[in-house]
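This report describes two regions of a protein model, a sheet and a helix. The sequence and the structure are shown first.

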Amino acid sequence: LRAAMAGVLRAVRPLLLLLLRRGLRGTAGPPSARQLREAEEAAPVFQYAGKAARRKDRVFVWGFSYSGALGVPSFVKPDVGWKKPRRIQPTPYRLETEEKISSAACGYGFTLLASNTTDITKVWGMGLNKDSQLGFQRSRRDQTKGYEYVLEPSPIPLPLEKPQQTRVLQVSCGRAHSLVLTDSEGVFTMGNNSYGQCGRKVVEDEIYSESHLIHQLNEFDSRVVQVVCGQDHSLFRTKKGAVYACGWGADGQTGLGHHNVTSVPTKLHGDIAGVNIIQVSSYGDCCLAVSDEGEVFGWGNSEYFQLASITETTQVNVPRHLPFKIGKIKEAACGGTGNAVLTEEGNVFVWGYGILGKGPNLTETAVPEMIPPSLFGWSDFSSDIRVAHVRCGLSQFAALTNRGELFVWGKNLRGCLGTGRMEDQYFPWRVTVPGEVVDVACGVDHMVSIVKSFT
Amino acid sequence: LNAAPRRAPRQQVRFLPTPAPGGGGAVELVPTRVPVLADHPLVRGPRFRRLKIGAGHRLDVKSSGVFVLGIGHGNKLLTDLYNCHLTKVYTVSGLFGKATDDFSDTGKLIEKTTFDHITREKLERIVAVIQGTNHKALLMYSNIDMKTQEAYELAVKGLIRPMEKSPPIITAIRCVHFALPEFQLEIQCLHETQQYLRKMVHEIGLELKSSAVCTQVRRTRDGVFTLDDALPRTQWDLRSIQDAIRNCRLRVKTELEKTLG
């Protein structure tokens with residue numbers, strides 16, 4: 001408009017120009033610096049987050065979704081016509097939960113999420129429920145039957161004596177059974193018990209699907225502080241540092257000195273008798289325990305060189321000390337064919353068979369090999385990066401750094417690594433999660449992570 | 001430059017007639033070295049009438065810092081240095097509370113926000129995640145097959161980087177100074193533009209649920225050239241330029257040999 005007016009001005013004769021120009025003096029040219037500053041100061045200030053803004057807790061899932069283990073029903077049965085069923089979720093996907101989830105565990109095709117709240121509903125489960133590993137989920141269509149596949153996080157009713165006081169500390173899942181650890185009422189077990197892994201007597205021809213039975217275990221020498229599920233056995237670690245086991249023992253994974261089935265949790269002896277164990281780990285048929293002095297003990301299956309450093313036999317049924325000279329060990333993680341430990345300095349050592357994380361050339365080793373810290377983001381620029389936790393799935397590994405970054409490597413079975421690609425990953429690769437990863441649970445073909453948002 | 005002593009004029013051998021030593025009118029041809037007339041300064045004129053100066057990586061008007069130039073034969077080295085894909089380091093200063101249209105503090109104001117909820121810890125968290133995702137992009141754009149043993153070995157040494165054109169990638173970023181509302185970041189990057197860095201500052205502000213503008217972008221290193229090698233405006237004379245070229249020559253040569261083989 002201003003340009004058009006200027007054109008008109010030039011065309012008009014000088015006499016009229018004077019009159020018009022006086023009238024036009026009111027319009028501004030380009031704003032002066034003072035006008036700009038005043039306009040800036042007068043602009044309104046928006047507030048998007050107050051001083052007391054808290055970081056939010058989120059849950060991200062990824063991997064194979066048709067079993068329902070991801071907890072997103074629209075991946076399996078799309079709710080809208082244009083959506084297609086999503087067989088694999090290759091990158092982290094946010095799962096909406098009602099409560100803050102403090103512990104998560106992935107089993108073979110199912111997931112358990114637990115919150116340490118004092119509300120009535122403390123544990124949610126989703127995925128495969130053919131052996132009632134998620135308790136009894138009453139079907140809405142037929143009140144007498146239960147669901148075989150649970151597609152979204154559904155509450156698991158636990159027979160607690162004081163439901164509004166007890167808190168759930170931790171959950172763990174195996175192949176077809178799950179364990180729930182509470183702070184004052186012991187351990188609750190549910191699911192398949194054909195090998196006594198639920199800690200109760202094996203009943204011949206018991207039908208496990210649509211079962212209401214949740215067993216409570218309370219007879220230990222002291223309070224149970226950690227529960228771990230192997231494929232078909234269960235391990236319990238008590239406050240006094242003792243380890244109890246029950247379940248299938250054909251590979252010696254119960255560590256009780258025999259290869260039979262145990263249906264009552266029994267204390268382990270061997271090299272860990274009298275030792276204060278601070279962490280136990282198992283996922284397949286091999287088990288590792290870490291003592292407070294940084295020593296690691298192993299028992300169970302050794303077909304994949306997991307215990308080959310001390311014995312040539314393929315089954316070890318008594319806990320044996322593994323004399324590794326790699327420093328004080330803080331945490332251990334057992335996978336199906338490979339194991340990983342984390343030392344006090346923050347280095348990760350791997351051994352066993354499979355994709356161990358040191359390139360495609362290293363497929364098996366009986367002695368732990370260190371993964372170079374530069375693969376976890378360590379460099380001269382940022383030299384305070386350390387690995388804080390290691391976790392194992394059946395054929396994958398996950399490592400969490402102190403900066404909250406998640407690194408995964410191993411076989412990418414049905415997209416479970418979460419990298420967005422379908423290829424196996426031979427060295428640690430960062431997973432892009434929009435938040436700081438606090439904990440991660442690895443399963444056979446899916447993973448769940450508990451994340452805190454950035455701001 | 002033109003006042004500097006020139007190359008000595010070329011000599012040629014000419015057979016010049018000189019009177020014979022015997023005397024009389026006989027003339028002998030004696031070979032003598034005489035300077036070629038074509039090389040005479042009055043014939044040739046000044047040695048340098050213009051200089052070929054090429055520029056290295058771009059630096060826009062609002063930024064400052066190291067700017068690499070090549071003179072004469074050095075222009076060939078410039079192309080080689082470009083193909084080395086070395087990283088550059090910038091010091092970027094930002095200010096919280098404002099958002100402008102061109103992401104710098106001289107642009108048109110779009111929005112003002114509060115920023116008292118921002119702490120150094122939150123900023124460092126965001127900065128760490130930016131570094132992480134860019135590290136992933138670094139590995140992806142380097143076009144190496146991740147399944148090979150050599151890819152693993154390069155990744156361990158940290159030598160994987162894209163050797164062709166790629167979108168801007170930040171290889172390292174950290175916060176060096178934080179005093180609300182201003183903050184300063186040190187960014188090490190590849191294939192970037194200064195406007196991209198300003199946009200990065202704006203996006204950091206958005207992630208922190210506020211807004212930020214960039215007040216200063218200063219390049220402190222470009223490949224092998226650091227601030228110490230750079231000549232300020234007062235030292236743009238022949239002697240300093242010659243010294244600077246001499247100092248950098250060896251470093252540039254070793255770097256080119258190391259990367260391009």
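Two strands are said to pair if DSSP finds at least two bridges between them. In this predicted model, four strands of chain A form an open sheet in the order β24-β25-β26-β27, and their pairing is antiparallel. The edges of the sheet are β24 (387-392) and β27 (425-431) of chain A, each of which pairs on one side only. On average, neighbouring strands of the sheet are turned by 20 degrees against each other, direction ignored.

Strand β26 (residues 406-410) of chain A pairs with β27(A) in the antiparallel sense, over four bridges. Within β27(A), A:Trp429 is the residue that stands opposite A:Val408. As a general rule, strands of a sheet pair through backbone hydrogen bonds.

The second region is helix α6 of chain B, and its geometry is tabulated below.

| Feature | Value |
|---|---|
| Residues of α6(B) | 238-260, 23 residues |
| Reach of α6(B), first C-alpha to last | 31 Å |
| Expected reach of α6(B) at 1.5 Å a residue | 33 Å |
| Bend of α6(B) at B:Cys248 | about 35 degrees |
| Phi of B:Gly261, just after α6(B) | about 75 degrees |

The reach of α6(B) is thus close to the expected one, although the helix bends at B:Cys248. B:Cys248 is also one of the buried residues of α6(B), which are B:Ser240, B:Ala244, B:Cys248, B:Val252, B:Glu255 and B:Leu256. An α-helix has 3.6 residues a turn, so residues three or four places apart point the same way. The cover over the buried residues of α6(B) includes α2 (74-84) and β12 (225-226) of chain B. Just after the helix, the phi of B:Gly261 is positive.

Technical notes. Residues numbered from 1 in each chain as written. Chains lettered and ligands numbered in written order. Predicted model: local features only at pLDDT ≥ 70, side-chain atom pairs only at ≥ 80, totals over all residues. Heavy atoms only, no water. Helix = DSSP H or I, 4+ residues; strand = E, 2+ residues; numbered from the N terminus. Expected span 1.5 Å × (residues − 1). Bend = angle between axes of the 7 residues up to and from the residue. Buried < 20%, exposed > 50% of the residue type's maximum accessible area, 1.4 Å probe, protein only. Contact = heavy atoms within 4.5 Å. Axes fitted to C-alpha atoms, helices over the stretch in contact; angles between N-to-C directions.
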